[in-house]
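Trainee: Could we go through this model together? I would like to see how each label follows from a number.
Mentor: Happy to, so ask away.

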Amino acid sequence: MTLFAQTRLAVAAALKALYPDAEIKDTMISVNLTKPEFTGDYTVVLFPFVKLLRMKPDALGVQLGDYLVANTDLFSSYAIVSGFLNMAVKDSVWGSFLLNNFSNAHYGEQVKKDNRVMVEYSSPNTNKPLHFGHMRNIFLGAAVSQILKATGNEVVKANLINDRGIHICKSMIAWEKLGNNATPESAGMKGDHLVGHYYVKFNDLYKAQVAELIAAGKDEKAAEKEAPIMLEAQEMLRKWEAGDPAVYLLWQTMNGWVYEGFDVSYKKMGITFDKTYHESETYLLGKALVQSGLEKGVLFKKEDGSVWIDLKDEGLDEKLLLRGDGTSVYITQDLGTAKLKYDDFKLDQSIYVIADEQNYHMQVLKLILKKMGEPCGDGIHHLSYGMVELPSGRMKSREGTVVDADDMVEEMITLSREQAEQNGKTAGFTEEELGKLYDTVGLGALKFYLLRVDPKKKMIFDPKESIDLHGFTATFIQYAHTRICSILRKENVPLMPSVSHFQAFELTEEIAPLEKAMILHLEQYPTVLAAAADEYNPSELCIYAFQLSQTFNSFYDVHSISKAENEEKKQLRLMIVVMAASVLRHSMNLLGITLPEKM
RNA sequence: GGUCCGGUAGCUCAGCUGGAUAGAGCACCAGCCUUCUAAGCUGGGGGUCAUUGGUUCGAAUCCAAUCCGGAUCACCA
């Protein structure tokens, strides 16, 4: 148990012992970290009990403080400042905290529980390459997966590829018309970029045809419907659904190019999946569910044969589940896929990382499953995140205003190289080491940038202002880590020393404020990690790791390790920095960010 | 119009289960490298926490109303 939690329990026990007749609820006990400007480590807010106990805050504080010091082994003293009881934890407690945890590579993790959860993320369409918006989705999903694993869950990372539909046919038509049988090899392009290129071409052609029709006297709506290239795309989709061999072959070929391109991008970004679903294989699955819903009387049929669900009593409207011609719609597929996932893995929870524009869709999906009595609906959680926008508004792949994912990665790597060269940081590295380092720094900065903001907030990204490598960034944390590694190299202490490494350590001197600040931060890590998991929010780890690095930099500035005042101080500080480096690595690894030993 | 999300320093964001004088980073200004990596540290200026009212010992945080921005309410996916 964390010291923080122990303090809460101790306060609860103390109150019960002191005032056995008072009904003190757990929620009334508010324990916080003591603000740096006051002496003490943990603060108990006294106001909530004042009314109940009919006591002045200060009088209550004295009784509670005295009791805690006398009856627990945790606290050495206390101070009361205007209604706040500031408890000082004994130095010896901090000493054993360090000794017990400094060499624990799994510090902060939770024991395995019987809970299987799927996280679906990335989920790209195969008509265009990944862009900056996808990266937020991908990094979020990957990070949340890792965080859930670290907090004891069994995690299945899933990717649902949208490989069919009119958008794919658009790329195919344009390639047929304009491609001259170009392949990724002949065009010298990544496959996903090649296919994306023809998707843009399609829209160029389409717009031109619409303009032509309008010039010929058609109104806009009719023109958009009748543009020949659009009719061709729709015809191609019908052929695909009918299993036309030529269309099917082209579809397979072009999707194959896209997958090769995606694989390169995923690999560069360090992203993997345990399971890949393809919509072409799942899009018909929902129909059986709809049929059983009809039999159960949850759904109803209209005269034209279309199937609906009535969600009016939930404050929503009627929702179509199957077209009159019996073909499925978007939500039908999702119903089927939800059940498939559940049956495949016996899931307790199923997390969908999907942009917030689909909040309504996900709400409806859950409601329908619930009404149909499908157990797979219970564990569904929509991890909704805000879109990444440009200063000029949303990115539109049709209009080619997207910031491409591969380009962005390359740009960040270039930026990290420029920064390193500017700072004269390249000495003592081989070319190969430098290349690896720039990847680490560039990608780290990118991931951190996208993860440091609360997922539900939308982000505005200005590509003209490149991502900074100073301040609240991965680079800052990476740098703090390399400084620690440098100390450890000098002192011949391994990155992960054995439990017995500091067994001779004995605490006799008072712990200095910045040493204490480090220890207090380290003690918070399990609490922060648990909160990040509860809220599916990796940004909490970003903030935590940044603050720990900040505190370390101040500590580093004031307290020398190799020139510590004495051997005891040296050992204490070594334990602190060993553990700090370990916690930094642990938290950043969960976000997919690597911390180098030299930079 | 209904529903949901957001509005905190010039900019990007923390803080939101009510708690001490509202915090970071960037940008700006002034200092700090013969000492473990200056991609760093120290200090400074910069705020009507959108507005109004309410609840409370105490409100950026909770409630209500209003204003502004966004998303969504398809037989598209």
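Trainee: Which residues does histidine 134 touch, not counting residues up to four places away in sequence?
Mentor: Histidine 134 touches Ser122 and Pro129. Keep in mind that this is a predicted model. Histidine 134 itself lies in helix H5, which covers residues 132-150.

Trainee: Why is histidine 134 called buried?
Mentor: Set the value against the cut-off. Buried means under 20% relative accessible area. Histidine 134 has a relative accessible area of 14%, so it is buried.

Trainee: What makes glycine 108 count as buried?
Mentor: The reasoning is alike. Glycine 108 has 10% relative accessibility, and the limit for buried is under 20%, so glycine 108 counts as buried. Glycine 108 is found in the loop between helix H4 (91-101) and strand E5 (116-120).

Trainee: Leaving aside neighbours within four places in sequence, which residues is glycine 108 in contact with?
Mentor: Those are Tyr525, Pro526 and Leu529. As for tyrosine 479, it is 371 residues from glycine 108 along the chain, and the two C-alpha atoms are separated by 22 Å.

Trainee: And asparagine 255, is it buried or exposed?
Mentor: Its relative accessible area is 3%. Exposed needs over 50% and buried needs under 20%, so asparagine 255 is buried. Asparagine 255 lies in helix H11 and touches Thr126, Asp163 and Ile168, not counting residues up to four places away in sequence.

Trainee: How do you know that asparagine 255 has a polar contact with aspartate 163?
Mentor: The side chain of asparagine 255 reaches the backbone oxygen of aspartate 163 at 3.3 Å. A polar contact is a pair of N or O atoms within 3.5 Å, so that distance fits. For a separation across the chain, take methionine 496: its C-alpha atom is 45 Å from that of asparagine 255, with the two positions 241 residues apart along the sequence.

Trainee: Let's turn to helix pairs. Why is H8 called oblique to H11?
Mentor: Helix H8 (residues 191-215) and helix H11 (residues 245-269) cross at roughly 125°, and their axes come within 6 Å. An angle of 65 to 115 degrees counts as roughly perpendicular, and over 145 as roughly antiparallel. The crossing angle of roughly 125° is in neither range, so H8 is oblique to H11.

Trainee: Which residues meet there?
Mentor: H8 brings Gly191, Asp192, Leu194 and Val195, while H11 brings Met254, Trp257, Val258, Gly261, Phe262 and Ser265. By class, the residues of this contact of H8 with H11 are six nonpolar, three polar and one charged.

Trainee: What makes H13 and H14 roughly perpendicular?
Mentor: Helix H13 (residues 286-296) and helix H14 (residues 330-345) pack at an angle of about 95°, with their axes 7 Å apart. That angle falls in the range of 65 to 115 degrees, so the pair is roughly perpendicular. Gly286, Lys287, Leu289 and Val290 of H13 make the contact with Thr332, Leu335, Gly336 and Lys339 of H14. The residues of the contact of H13 with H14 include three nonpolar, three polar and two charged.

Trainee: Now the RNA. How many residues surround RNA strand B?
Mentor: There are 58, and the closest are Phe84, Lys425, Tyr479, Ser486 and Tyr556. Of the atoms of RNA strand B that come within 4 Å of the protein, 64% belong to sugar and phosphate.

Trainee: What makes aspartate 304 a polar contact of a base?
Mentor: An N or O atom in the side chain of aspartate 304 is 2.6 Å from a base nitrogen of RNA strand B, and the cut-off is within 3.5 Å. Isoleucine 561 places a polar backbone atom 3.1 Å from a base nitrogen of RNA strand B. For serine 562, a backbone N or O atom lies 3.1 Å from a base oxygen of RNA strand B.

Trainee: Which helix gives the most to the surface near RNA strand B?
Mentor: H18 does, with eight residues. By class, that surface has 21 nonpolar, 16 polar and 21 charged residues.

Note on methods
Residues are numbered from 1 along each chain as its sequence is written. Chains are lettered from A and ligands numbered from 1 in the order in which they are written. This is a predicted model: local features need pLDDT of at least 70, side-chain atom pairs count only at pLDDT 80 or more; totals for chains, interfaces and linings use all residues. Side-chain values use heavy atoms; hydrogens and water are left out. Axes are lines fitted to C-alpha atoms, for helices over the stretch in contact, and angles run from 0 to 180 degrees between N-to-C directions. Helices (H or I, at least four residues) and strands (E, at least two) are DSSP runs, numbered from the N terminus. Contact means heavy atoms within 4.5 Å. Ala, Val, Leu, Ile, Met, Phe, Trp, Tyr, Cys and Pro count as nonpolar, Asp, Glu, Lys and Arg as charged, and the others, Gly among them, as polar. A residue is near a molecule or strand if one of its heavy atoms lies within 4 Å of it. A polar contact is a pair of N or O atoms within 3.5 Å; within protein, one must be able to donate a hydrogen and the other to accept it, and residues adjacent in sequence count only if both atoms are side-chain atoms. Buried means under 20% relative accessible area, exposed over 50%, partly exposed in between (1.4 Å probe, protein chains only).
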